[in-house]
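Biologist: Please choose a single strand of this model and take me through it slowly, together with the parts that surround it. I am new to this, so please explain each term when it first comes up.

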Amino acid sequence: MNLTSSIPENLATVRTRITDCEIKYARQPGSVRLIAVSKTHPPGAIVAVHAAGQLHFGENYLQEALDKMQQLAALPLHWHYIGPIQSNKTRELARHFDWVHTVDREKVAQRLNEQRPAERGQLNILLQVNISQENSKAGVSLQELPDLAAVVAKLPRLKLCGLMAIPAPEDDFSRQRAAFHSLVVARQHLQTLGYHHCRELSMGMSHDFAAAIAEQATMVRIGTDIFGNRAKA
Ligand SMILES: *Cc1c(COP(=O)(O)O)cnc(C)c1O
């Protein structure tokens, strides 16, 4: 499963499953963007996935990501940061990433805005929302989301593009859908408040992306089904 040679096949299978879900749930063809989550996998694995046409990659660990970016600088890749943010690490995020999915507090947003180099254009921001409150501390609460959106929308070097969530692991399809649905409702609420650019929904991983696509995901973050199992830390 971890062999680099099986990666193009895995990627093709995942793409077919995404397309099948788009059809089954009456989504616009091509409306779900695949983010290949390459954390813990070596640069060679990313090269193999890129060779099969994949341009968007997600990373969780800053130093590991920076090392890969340096080694793969010749490739036209789009980098998404999907890990927890320590506020003393924002400078490197602001410099090197194209998207940050995990903004969940004002201080981090302010720092990313100050530290985004002018020549790199706006940094695309998703707000991480805590939709399964008891299970995780990461993410802004639904109650506090409108205030955080208001702050981010005013920061000139950031572009508020949408919402992200990591629900508690759940095997039942309809319960997976119910969790994702709360992010759809949150996006709807922000749009009624006037945040019309807040369109993206980053939700769904290897075990639950079908439910996420059924619930209007625009980005699915898939690691294991493409790269194989990660070594246990
Ligand atoms: C690791 C990770 C993924 C990918 O998970 P898989 O189960 O390997 O597909 C997606 N999103 C986040 C935030 C992650 O940390």
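Modeller: What follows is a walk along one strand, then to the loop after it, and last to some places elsewhere in the chain.

The model is predicted, and for that reason local features need a pLDDT of at least 70 and side-chain atom pairs count only at pLDDT 80 or more, while totals for chains, interfaces and linings use all residues. Residues are numbered from 1 along each chain as its sequence is written, and side-chain values use heavy atoms, with hydrogens and water left out.

The part I have chosen is strand E4, which covers residues 99-103; strands (E, at least two residues) and helices (H or I, at least four) are DSSP runs numbered from the N terminus. Five of the five residues of E4 are buried, so the strand is largely enclosed by the rest of the structure, where buried means a relative accessible area under 20%, exposed means over 50%, and partly exposed lies in between (1.4 Å probe, protein chains only).

On one side, E4 pairs with strand E3 (residues 78-81) in the parallel sense over two bridges, and two strands are said to pair if DSSP finds at least two bridges between them. You can find this pairing by looking at Trp-99 of E4, which has His-80 opposite it, and at Val-100 of E4, which has Tyr-81 opposite it. E4 also runs parallel to strand E5 (residues 123-128), and three bridges join these two. Val-100 takes part here as well, since Ile-125 in E5 stands opposite it.

The helices that connect these strands are worth tracing with a finger on the screen. E3, helix H4 (residues 90-96) and E4 make a right-handed β-α-β unit, and E4, H5 and E5 make a right-handed β-α-β unit too. Right-handed here says that, with the strands pointing away from the viewer, the path from the first strand over the helix to the second runs clockwise.

If you go one strand further, E3 runs parallel to strand E2 (residues 56-59), and four bridges join them. Between E2 and E3 the chain passes through helix H3 (residues 62-71), in a right-handed β-α-β crossover. Within this pairing, Gly-58 has His-80 in E3 as its bridge partner.

Helix H6 (residues 145-154) also belongs to the surroundings of E4: its buried residues include Leu-145, Pro-146, Leu-148, Ala-149, Val-151 and Val-152. Among the elements that cover the buried residues of H6 are E4, H5, E5, strand E6 (158-164) and helix H7 (173-192).

Following E4 along the chain, we reach Asp-104 in the loop between E4 and helix H5 (106-115). Asp-104 counts as buried because its relative accessible area is 16%. Apart from neighbours within four places in sequence, Asp-104 is in contact (heavy atoms within 4.5 Å) with Gln-128, Ala-138, Gly-139, Val-140 and Leu-148. For Gly-139, the backbone nitrogen lies 3.1 Å from a polar atom of the Asp-104 side chain.

The side chain of Asp-104 also meets that of Arg-105 in a salt bridge, at 3.0 Å from N to O; a salt bridge is a side-chain nitrogen of Lys or Arg within 4 Å of a carboxyl oxygen of Asp or Glu. Arg-105 is partly exposed, because its relative accessible area is 33%. Elsewhere, salt bridges that share partners join Glu-59, Glu-64 and Lys-68 into one network. In the bridge between Lys-68 and Glu-59, the closest N and O atoms are 2.9 Å apart, and both of these residues are buried.

By this rule the count comes to seven salt bridges. One of them joins Asp-225 to Arg-17, with 3.0 Å between the closest N and O atoms. This pair links distant parts of the chain, for Asp-225 is in helix H9 (residues 224-227) and Arg-17 is in helix H1 (residues 7-24), 208 residues apart.

Helix H1 also holds Asn-10, which counts as buried because its relative accessibility is 13%. To relate Asn-10 to our strand, compare it with Trp-99: the two are 89 residues apart in sequence and 25 Å apart in space, C-alpha to C-alpha.

Key
Polar contact = N/O pair within 3.5 Å; in protein donor to acceptor, adjacent residues only side chain to side chain.
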